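Trainee: Could you take me slowly through one helix of this model and show me how it sits among its surroundings? I would like each term explained as we meet it.

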Amino acid sequence: LVQLGHGIHQKRIRATITSKTSNIGVEIACDKKETKQLLESYEIPVPKGRVVRTEEGLEAALDSVGFPCVIKPIGGNHGRGATIGIKTLEEAKVALAKAKEISRSVIVERYITGLDHRLLVINHQFVAAAKRTPACVVGDGKRTIADLVAEVNTDPRRGFGHEKVLTQIDIDDHTEKILGKLGMTAQSVPKKDEVIYLKSTANLSTGGTADDVTEMVHSYNVFMAERISRIIDLDICGIDIMTDDISKPITENGGAVLEVNAAPGF
């Protein structure tokens, strides 16, 4: 907890929550279903989706949403429990079990293709935007994936958790499943210049990287992000948008708002 100043002028900050942050705003942002319904009622493009708790409910939701889809816990953050690009019922059942480890209710939604962008809004004003890329390595035709990951992790900007700008890449069960789908393991040697993605989400907390695209964001997308911050009523929020091109309005290129995050990582 950080306190700036004293008496009537003091401000308190914990991570990116301030003494002015609305508790109700945080609770709405933490409930993906509520956020989605609220944004939809204001005509903001969000992926089509349904909330489920059981395998029977999952099958009914898939009939409505279709494939490919995304399954994620309603109260998750940092990409925990989320699986994207699901193409079969078997994959969906595995993803449901993974998401239910984080929350009882799970959201099944249409998979929107494109690039993952995070827009940062402070005091209802757009401040910055980043294009996020999932944790990956580039093959050199000689070293194994495990060796390439070890080299990437020597970057001084990478640390554990949120202690540094970027997070260390961890080869976990999720990574092994992704590699398994490619017919690879951590000991496989990728071809020269072959890009191997190690996570399904682009969160920085799972080893992803971010490129500054603040200057490229279309004025409509800026207006929409600022409007979303007022709808949810958050003084500091991170808005996740999936779109092929952030320099065009997302209403014109099939993009969508995926999530609104309270206490976003700076």
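Mentor: What follows is a close look at helix α2 and then at the core. This is a predicted model, in which local features need pLDDT of at least 70 and side-chain atom pairs count only at pLDDT 80 or more, while totals for chains, interfaces and linings use all residues. Residues are numbered from 1 along each chain as its sequence is written, and side-chain values use heavy atoms, with hydrogens and water left out.

Helix α2 spans residues 32-41, a helix being a DSSP run of H or I with at least four residues, numbered from the N terminus. At its N-terminal end Asp31 acts as a cap, with a side-chain oxygen 3.0 Å from the backbone nitrogen of Lys33, and just after α2 Glu43 takes a positive phi of about 65 degrees.

Within α2, Lys32, Thr35, Lys36 and Leu39 are buried (under 20% relative accessible area, with a 1.4 Å probe and protein chains only). They lie on the same side of α2 because they cover an arc of only 95 degrees around the axis, taken from the directions from the helix axis to the C-beta atoms. An α-helix has 3.6 residues a turn, so residues three or four places apart point the same way.

Leu39 also belongs to the largest nonpolar core, which has 27 residues, and is among those with the most contacts inside it; such a core is a set of buried Ala, Val, Leu, Ile, Met, Phe, Trp, Tyr and Cys residues joined through side-chain atoms within 4.5 Å. The largest share of this core, six residues, comes from α7.

Methods: Buried means under 20% relative accessible area, exposed over 50%, partly exposed in between (1.4 Å probe, protein chains only). Helices (H or I, at least four residues) and strands (E, at least two) are DSSP runs, numbered from the N terminus. A polar contact is a pair of N or O atoms within 3.5 Å; within protein, one must be able to donate a hydrogen and the other to accept it, and residues adjacent in sequence count only if both atoms are side-chain atoms.
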